[in-house]
Amino acid sequence: MKLASLKDGRDGRLVVVSDDLAWYAPADAVAPTLQAALDDWERAEPMLRALAGTLEHGAVPRERFHEHDAASPLPRAYQWADGSAYVNHVALVRKARGAEMPDSFWTDPLMYQGGSDGFLGPRDPIPLADDSWGLDLEAEVAVITGDLPRGADREAALAAIRLVMLCNDVSLRNLIPGELAKGFGFFQSKPASAFSPVAVTPDSLHGWRDGRLCGALEVELNGRPLGQADAGVDMTFDFGSLAVHAARTRDLAAGTIIGSGTVSNRGPDGGPGRTIEEGGAGYSCLAELRTVETLTHGAPRTPFLKAKDVVRIEMRDARRRTIFGAIEQEVRGP
């Protein structure tokens, strides 16, 4: 089942979307918003599935689905917790800023709580007020949970995952070191993120395996391939583990979003990944590419994002059909 929120007020209007993303049917009779559906999932979920079935058979009034009309599935959320499940990425980015990586990072997930009071739509521009801030994309997978009690185990955490989607976790790289040096974590360096036009139930994803989404996460910059890392490879912490970590000391409310962190694959030799041109899986963010360039050439060669740059993030099935729709955003300068 695929769900989306059309732009309509702060919380959007919930619709069920056909598997090929061509059509939608309004879900107002079930729940006005996705958050309302998540709050009453036991009642709403079977009704939404029934609506999805009739939509696939053309047995319900339907309208054309246009990704440009979609907000992020949750236009705002009660909680946005982003992990760093791909420790290869963590190691490279920390190396770029000269920071040591403790051994515990391989056994205890990193996670920060981001701003969730308003997300960018999947086709909304990324605002940039100052080029010196070092604007970067971060292509990720994310899940939306139902209610999960404090201290839940991995089995309960996996069962609480309601929907899966893609994310562009926008970062301002040049603001990060100063913030982290204060010892309190990210804030100004993490502006609004964007999520894919459609969120999908795990049972509808052929690549969903044991808390991981397997498949190439395609990233383009200005129409050229940047990355195609497999989201199911080199993921040190699956979503069950990330949710357990998030719920260790608090209840997670329905509508909590948990991110995977930047998807990252190692190279065949176990070291940093290679560019697509070199036969590698490429990169899901510019910071990782810049780190590899520094290790190889002594200095980064690729600039951070600037005005009019266009980022595209998408995942396709075995028949090359889009699964979640595309996040496609242009940088909007001052």
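Let me start with a term I'll lean on: a residue counts as buried under 20% relative accessible area, as exposed over 50%, and as partly exposed in between. Take N222, whose relative accessible area is 41%, so this residue is partly exposed. And a word of caution before we go on: the model on the screen is a predicted one.

Let's stay with N222 for a moment. Its phi is near 55°, a positive value in a residue other than glycine. Where does N222 lie? You'll find it in the loop between β17 and β18. Those two strands, β17 at residues 216-221 and β18, pair in the antiparallel sense over six bridges. If you'd like a landmark in that pairing, look at L217, whose bridge partner in β18 is A229.

Now zoom out to the sheet around them. Five strands make an open sheet, and reading across you get β8, β21, β20, β17 and β18, with mixed pairing. Which strands are at the edges? They are β8, residues 126-127, and β18, residues 224-230, and each of them pairs on one side only. So N222 sits in the loop that leads into one of those edge strands, β18.

There is another residue to set beside N222, and that's L21. L21 also isn't a glycine, and its phi is positive, at about 65°. It belongs to the loop between β2, residues 13-17, and β3, residues 23-26. Is L21 buried or exposed? With a relative accessible area of 7%, L21 is buried, whereas N222 at 41% is partly exposed.

On to my favourite strand of the day, β6, which covers residues 79-83. Five of its five residues are buried. Let me split that by face: Q79, A81 and G83 are on one side, W80 and D82 on the other, and both faces are covered. What does β6 pair with? One partner is β19, residues 256-259, which runs parallel to β6 and is joined to it by four bridges. In that pairing Q79 stands opposite T256. Another partner is β7, residues 111-113, and here the pairing is antiparallel, over three bridges. The residue to click on is A81, with Q113 as its bridge partner in β7.

From β6 we can follow W80 into the aromatic residues. The structure holds five aromatic pairs. In one of them, the ring centres of W80 and F119 are 6.4 Å apart with their planes at 90°, so this pair is edge-to-face. It links distant parts of the chain, since W80 is in strand β6 and F119 is in the loop between β7 and β8, 39 residues apart. Both partners are out of the way: W80 is buried at a relative accessible area of 1%, and F119 counts as buried at 10%.

W80 has another ring partner, F195. Their centres are 5.3 Å apart and their planes are at 85°, so that pair is edge-to-face too. F195 is in strand β13, residues 194-195, and lies 115 residues from W80 along the chain. F195 is also buried, with a relative accessible area of 0%. Put together, ring pairs link W80, F119 and F195 into a cluster.

While we're on rings, there are charges to show you as well. The charged end of R64 sits over the ring of W23, 4.1 Å from its centre. K190 does something similar with F186, lying over the face of that ring at 5.2 Å from the centre.

Next, the cores. In soluble globular proteins, nonpolar side chains tend to be buried together. Here the largest nonpolar core has 63 residues, and F65, F239 and F324 touch the most other members. Which helix gives the most to this core? That would be α6, residues 239-246, with four residues. F239 has a long contact list away from its sequence neighbours, including V141, I161, W208 and I258. There is a second, separate core of 32 residues, with L48, L163, A199 and A254 among them.

One last stop, T201, in the loop between β14, residues 199-200, and β15, residues 208-209. T201 is buried, with a relative accessible area of 2%. Beyond its neighbours within four places in sequence, it is in contact with M1, R49, R162 and L163. And L163, you'll recall, is one of the residues of that second core.

Thanks, everyone, and I'm happy to take questions.

How values were computed: Residues are numbered from 1 along each chain as its sequence is written. This is a predicted model: local features need pLDDT of at least 70, side-chain atom pairs count only at pLDDT 80 or more; totals for chains, interfaces and linings use all residues. Side-chain values use heavy atoms; hydrogens and water are left out. Two strands pair if DSSP finds at least two bridges between them. Buried means under 20% relative accessible area, exposed over 50%, partly exposed in between (1.4 Å probe, protein chains only). Rings of Phe, Tyr and Trp (its six-membered ring) pair if their centres lie within 6.5 Å; planes under 30 degrees apart count as stacked, over 60 as edge-to-face and the rest as tilted. A charge sits over a ring if NZ of Lys or CZ of Arg is within 6 Å of the ring centre and within 35 degrees of the ring normal. Contact means heavy atoms within 4.5 Å. A nonpolar core is a set of buried Ala, Val, Leu, Ile, Met, Phe, Trp, Tyr and Cys residues joined through side-chain atoms within 4.5 Å.
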